[in-house]
Amino acid sequence: MDIIEAIESRRSVRAFKPDPVPRDVLQRILEVAVRAPSTDNTQPWEFTVVTGPVLDELKKALAEKMGDPSEFTPDIPFPALTYRPPYLDRSKKQGKMVFQSMGIARDDWPKRMEWYRYMARFLDAPAGIIVYVERYLGAYAILDAGLFLENLMLAALSWGLGTCPQMAPVLHPEILRRDLSIPESKLIVCAVAIGYPDQDAAVNQFRSEREPLDAFARWYGFD
Ligand SMILES: Cc1cc2nc3c(=O)[nH]c(=O)nc-3n(C[C@H](O)[C@H](O)[C@H](O)COP(=O)(O)O)c2cc1C
């Protein structure tokens, strides 16, 4: 697959087939992903790949804990409650598209809660990856982890796999630390749900929007 095609076709997949993802496929994808650049070639990304009964247990524990946002304790503080325009508008539009795609009404709290629990369960994907970095390395390591993450998600396309980067499973990092023996010295950045996309699922039908380039770019010195 051509690079531009891969970048333009990647999208967050939020419903998966139950088919397991073979370990050697995940291994290959991760080997490709670690070719990402990193600050001073520190390669600070670390990850735990989970599937099968271990993932089932984890999903259960995370879904049970999913609830009151005031109880979330992600390692990287979650800024959603402080969003102002234009970020607030983009975030709201995105949320609306997700819920509309499934016909969940704005005020249908039981259905919304069900969806949040589903997100905490790695969107019921057959495999999950938790990405973390050594805490003291700070912001550059988080940036490097982001580069690794995009590589991972693009590489996954070559094996017909879909992904969703996810904060929902890392909102209670104490559960991940307890069940996966991730030490306090590691800062948990993000999770990734990975599996074969359920192409028919309603939530996989819409495409997220992007602002025109002018919203982001400034140019100097061109003719
Ligand atoms: C760090 C990070 C965390 C995210 N967490 C979630 C999540 O918990 N649940 C979810 O459905 N999508 C999550 N997303 C996916 C974004 O909503 C998605 O990337 C964005 O809406 C753009 O859509 P696209 O990925 O389909 O291009 C996350 C993305 C990132 C980068």
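This is a quick walk through the sheet, the helices on it and the ligand site of this structure. Keep in mind that we're looking at a predicted model.

Okay, the sheet. There are four strands in an open sheet, and going across you read β1, β2, β4, β3, with antiparallel pairing. At the edges sit β1, residues 46-51, and β3, residues 162-166, each with a partner on one side only. On average, neighbouring strands are turned by 25° against each other, ignoring direction.

Let's stop at β1 for a second. Its antiparallel pairing with β2, residues 127-134, runs over six bridges. If you want a spot to click on, threonine 48 stands opposite isoleucine 130 in β2.

Now the helices. Helix α2, residues 23-33, packs on the sheet and touches β1, β2 and β4, and its direction makes about 160° with that of β1. Then there's helix α6, residues 139-157, which packs on the sheet too and touches β1, β2, β3 and β4. The α6 direction makes about 10° with that of β4.

On to the ligand. So, which residues come closest? Out of 13 surrounding residues, they're Ser12, Arg14, Gln94, Met167 and Arg210. By class, the shell splits into five nonpolar, four polar and four charged residues. β3 gives the largest share, three residues.

For polar contacts, look at the ligand oxygens. A polar side-chain atom of arginine 10 is 3.0 Å from one oxygen atom. There's also a side-chain N or O of glutamine 94 at 3.1 Å from a ligand oxygen, and one of serine 208 at 3.0 Å. And how much is covered? On its own the ligand exposes 620 Å², and the protein buries 71% of that.

Key: Residues are numbered from 1 along each chain as its sequence is written. This is a predicted model: local features need pLDDT of at least 70, side-chain atom pairs count only at pLDDT 80 or more; totals for chains, interfaces and linings use all residues. Side-chain values use heavy atoms; hydrogens and water are left out. Two strands pair if DSSP finds at least two bridges between them. Helices (H or I, at least four residues) and strands (E, at least two) are DSSP runs, numbered from the N terminus. Axes are lines fitted to C-alpha atoms, for helices over the stretch in contact, and angles run from 0 to 180 degrees between N-to-C directions. Contact means heavy atoms within 4.5 Å. A residue is near a molecule or strand if one of its heavy atoms lies within 4 Å of it. A polar contact is a pair of N or O atoms within 3.5 Å; within protein, one must be able to donate a hydrogen and the other to accept it, and residues adjacent in sequence count only if both atoms are side-chain atoms. Accessible areas come from the Shrake-Rupley method with a 1.4 Å probe; for residues, only the protein chains shown count as cover. Ala, Val, Leu, Ile, Met, Phe, Trp, Tyr, Cys and Pro count as nonpolar, Asp, Glu, Lys and Arg as charged, and the others, Gly among them, as polar.
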